[in-house]
Amino acid sequence: MEEINRMPRTPLPKPRLSSDMILRIASTAGLLLTIVLVLIGWRYGIFASQETFAAFIRSMGWLSIPVFIVIQAIQVVIPILPAAIGCSVGVIVYGSVWGFVYNYVGICAGSIIAFLLARTYGLPLVRRMTAKKQFDKYAKFLNHGKAFDRMFAIAIFAPVAPDDLLCYLAGLTPMSLKRFTTVLLLGKPLAIFLYSAGLTALLTFFWH
């Protein structure tokens with residue numbers, strides 16, 4: 001990690017809370033907000049069926065699409081809830097084709113933003129935005145030449161890999177934005193499809 005620490009970065013103000021505490025607070029707040037919204041939706045029949053839920057989202061008109069894409073992007077930059085939830089919602093609301101497209105655009109946009117934030121602000125930001133246990137597990141690849149590039153290329157195809165963390169870590173390496181984007185755009189479709197298909201099948205079973 002010494003080489004990474006020596007890289008010049010834009011300084012960040014010293015946090016009053018540890019990164020793990022901040023992430024726990026954000027995750028808890030996101031979970032509580034989701035529970036409240038689900039209870040409200042259930043009370044008013046929004047979650048009565050797959051059709052009523054999709055109709056409610058589509059009632060917002062064309063604005064629902066950019067809002068959904070932005071939410072998916074934010075989920076990568078600030079991981080509050082599992083991205084798989086958003087993927088399944090996208091397919092249920094917008095259909096298998098356009099739902100996949102909107103998921104893909106949002107997640108890839110968020111991944112590129114995370115990469116650029118890490119490239120700009122360096123290790124202090126990455127430590128704040130990621131859980132210590134996960135960071136320690138994957139950061140060991142950073143000072144092993146091309147080992148991280150190979151690991152990143154393989155992991156980005158897997159639906160269970162911590163994509164948000166990997167994108168932040170990639171920003172700490174000499175990997176170019178072009179290479180990062182190429183691997184991301186080629187690897188993400190499979191993971192998004194598996195996320196979407198799995199949870200969509202589960203939710204469809206629940207609603208029927």
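1. Let's start from the outside. The accessible surface of this protein comes to about 11800 Å², and carbon and sulfur atoms account for 73% of that area. Keep in mind as you read on that you're looking at a predicted model.

2. Next, the overall build. There are ten helices and zero strands here, so if you walk along the sequence you just meet one α after another: α-α-α-α-α-α-α-α-α-α. The protein has 208 residues, and 41% of them are buried. Take the contacts with a separation of 6 or more: 78% of them link residues 24 or more positions apart.

3. Now the inside. A handy rule of thumb is that nonpolar side chains tend to be buried together in soluble globular proteins. The largest nonpolar core in this model has 30 residues, and F148, F152, L169 and F180 are the ones that touch the most other members. Helices α5 (83-121), α6 (123-129), α7 (132-139), α8 (147-155), α9 and α10 each give two or more residues to this core. The largest share comes from α9, with six residues.

4. Apart from that core lies another one, made of six residues, and F68, I69, V93 and Y102 are among them.

5. Zoom in on L169 from the bigger core. Skipping residues up to four places away in sequence, L169 touches V126, F135, Y138, A139, L142 and F148. Try clicking through that list in the viewer.

6. Helix α4 is a nice one to check with a ruler. It covers residues 64-77, which is 14 residues, and the distance from its first C-alpha to its last is 20 Å, close to the 20 Å expected at 1.5 Å a residue. Its buried residues are S64, F68, I69, Q72, A73, Q75, V76 and V77. You've already met F68 and I69 as members of the six-residue core.

7. What about D164? This residue sits in helix α9. D164 has a relative accessible area of 17%, and since buried means under 20%, it counts as buried. Leaving out residues up to four places away in sequence, D164 touches V76 and P79; V76 is one of the buried residues of α4. Also look across to S111: along the chain D164 and S111 are 53 residues apart, yet their C-alpha atoms are separated by 6.7 Å.

8. T173 is worth a stop too. Find it in the loop between α9 (163-170) and α10 (177-207). Would you call T173 buried or exposed? Its relative accessible area is 5%, so it is buried. The T173 side chain reaches the backbone oxygen of A170 at 2.8 Å. Beyond its neighbours within four places in sequence, T173 is in contact with R119, L142 and F148. Two of those names, L142 and F148, also turn up in the list for L169.

9. Last, the cysteines. A disulfide is a covalent bond between the sulfur atoms of two cysteines. How many disulfides does the model have? The count is zero. Why is C108 not bonded to C167? The closest cysteine sulfur to that of C108 is in C167, but because the two are 8.8 Å apart, they are too far for a bond. Both residues are tucked away from the surface all the same: C108 is buried at 6% relative accessibility, and C167 is buried at 0%.

Terms used:
Residues are numbered from 1 along each chain as its sequence is written. This is a predicted model: local features need pLDDT of at least 70, side-chain atom pairs count only at pLDDT 80 or more; totals for chains, interfaces and linings use all residues. Side-chain values use heavy atoms; hydrogens and water are left out. Helices (H or I, at least four residues) and strands (E, at least two) are DSSP runs, numbered from the N terminus. Buried means under 20% relative accessible area, exposed over 50%, partly exposed in between (1.4 Å probe, protein chains only). A polar contact is a pair of N or O atoms within 3.5 Å; within protein, one must be able to donate a hydrogen and the other to accept it, and residues adjacent in sequence count only if both atoms are side-chain atoms. Contact means heavy atoms within 4.5 Å. The expected span of a helix is 1.5 Å times one less than its number of residues. A nonpolar core is a set of buried Ala, Val, Leu, Ile, Met, Phe, Trp, Tyr and Cys residues joined through side-chain atoms within 4.5 Å. Accessible areas come from the Shrake-Rupley method with a 1.4 Å probe; for residues, only the protein chains shown count as cover. A disulfide is a pair of cysteine sulfur atoms within 2.5 Å.
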